[in-house]
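Student: Could we walk through this one together, starting with a strand and then moving to a helix?
Tutor: Gladly; have a look at it and ask as we go.

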Amino acid sequence: MSSCCVPSTYGILSKSMSKSSKLWDDAKELLPGGVNSPVRSGNVVGIQPPIIVRANGAHIYDVDGNRYIDLVNSWGALILGHRPLTVMNAVRRQLRKGTSYGATSTLEIELAKRIREAVPSMEKMRMVSSGTEATMSAIRLARGFTKRKKIIKFDGCYHGHADSLLVEAGSGDLIGLPYNDAAKFEEVAMKNASDIAAVIVEPIAANMGIVLPRPGFLENLREVTQKVGAVLIFDEIITGFRLRYGGVQDQFGIKPDLTCLGKIVGGGFPFAVYGGRGDIMDRLAPIGPVYQAGTLSGNPVAVAASLATLEVLRNRDGLYEELETHGRALQNILEKEAKSAGFSIVVNRAGSMLTPFFTNAPVFDYSSAKRSNVEKFARFYRAMIEEGISIPPSPFEAFFLSRAHDRSVIGRIGKAIAKSMEKMVQS
Ligand SMILES: Cc1ncc(COP(=O)(O)O)c(C=O)c1O
């Protein structure tokens, strides 16, 4: 969720957006910046965002009746697209049985079994209501377990908005290091060996745009944290169930001490979960001294949506292969059209999530991501929304595909990309 470059004025689209415009004024009066989460505001791309009224499959619809192919997909949560039938049916069934119990339910036990089967490093887990809550709680637990204070995170990774995790350059108990720099990490970790409670990382980074780990980077994190007795936390809130049934930890064969999951595992509802080694998790209240609680934790409607989503992801043969094929196709289109329009572009991709950086140099950490040309991206964004494609309104985010983005949808996105690049050349 990194942001940069905030233009002061909003652009006007030629699309009819009169109702959105009027409502946007109300939104700004009532909600800080008109939004309930900053990146939605369109500040970075200098445009007033459409106000959304409904969504279905691969599409979202605004209040003026404009339809957009959605490449944001609730910031990666909706791997099955909007309103997948099986999830909707599970939610409807659950609504008849109650919306919140405030007690352990059969559904929670079933879901915990299902999650542990998919991500075996999560021997025990605690369900919460947002990704921020999961990472914040995992950090507090790691501090309670190790009785140490310092946390290492990597610049450009986002782990929610808890105070202790929002510092970019590092301050006090938080040390910020460049992503993918194993030598630097090892040097700093060894120097602070007896003080480090936890190292938290997005094992494939998606919040500075997509950045893949270099070979050996994650393995080094595992080795060094074991050496210094620090808790290794994989924040798989974006990557969990995105690239395979399980997580990046399964793909790389690395077992973190704690894992945070959110987004996809919530089936489109406010839900997240953190978990890991039993001896660490058992430090949580009521059996341990680390207090963490939640009125709506393990909410049965969210848990029903989660179970239904995981059921599809586990059983639908070829789903991840299909997502990979469509992701690759979208990458090829972006590279081809940028080349023929004369733009330098680097597309970083992991399966069905990708980021086009307007730059000619490889992007492997936050500094190299920031070399991406924000003004060009903003023009691309504006052209794409005119063509009916909703991409993230920031150059440092990921485009997400879902099961609903089939070949014909990819074809339509391809045509829009070609037209948008052409328009950018002419403007
Ligand atoms: C990797 C990662 N961790 C944590 C969070 C925070 O999750 P939430 O927005 O549900 O609080 C996000 C949100 O985008 C994220 O991408």
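**Strand 5 and helix 11**

Tutor: Keeping in mind that this is a predicted model, I would begin with strand 5 (residues 150-154), where five of the five residues are buried, so the strand is largely enclosed by the rest of the structure.

Student: Which residues of strand 5 point one way, and which the other way?
Tutor: Lys150, Ile152 and Phe154 point one way, while Ile151 and Lys153 point the other way, and all of them are buried. In a regular strand, side chains alternate between the two faces of the sheet.

Student: And what does strand 5 pair with?
Tutor: Strand 5 pairs in the parallel sense with strand 7 (residues 196-201) over three bridges, and it also runs parallel to strand 6 (residues 174-177), to which four bridges join it.

Student: Where do the two lysines sit in that pairing?
Tutor: Lys150 stands opposite Ile196 in strand 7, whereas Lys153 has Gly176 in strand 6 as its bridge partner.

Student: Switching to helix 11, how far apart are its end C-alpha atoms?
Tutor: They are 33 Å apart, which agrees with the 33 Å that the 23 residues of helix 11 (residues 319-341) should span at 1.5 Å a residue.

Student: Which of its residues are buried, and what covers them?
Tutor: In helix 11 the buried residues are Leu323, His326, Gly327, Leu330, Leu334, Glu337 and Ala338, and their cover includes strand 11 (346-350), strand 12 (353-357) and helix 14 (407-426).

Student: What follows helix 11?
Tutor: Gly342 does, and its phi is positive, near 85 degrees.

Notes
Residues are numbered from 1 along each chain as its sequence is written. This is a predicted model: local features need pLDDT of at least 70, side-chain atom pairs count only at pLDDT 80 or more; totals for chains, interfaces and linings use all residues. The expected span of a helix is 1.5 Å times one less than its number of residues. A residue is buried if 20 or more other C-beta atoms lie within 10 Å of its own, exposed if 12 or fewer, and partly exposed in between; C-beta atoms are placed from the backbone. Two residues are in contact if their C-beta atoms, placed from the backbone, lie within 7 Å. Two strands pair if DSSP finds at least two bridges between them.
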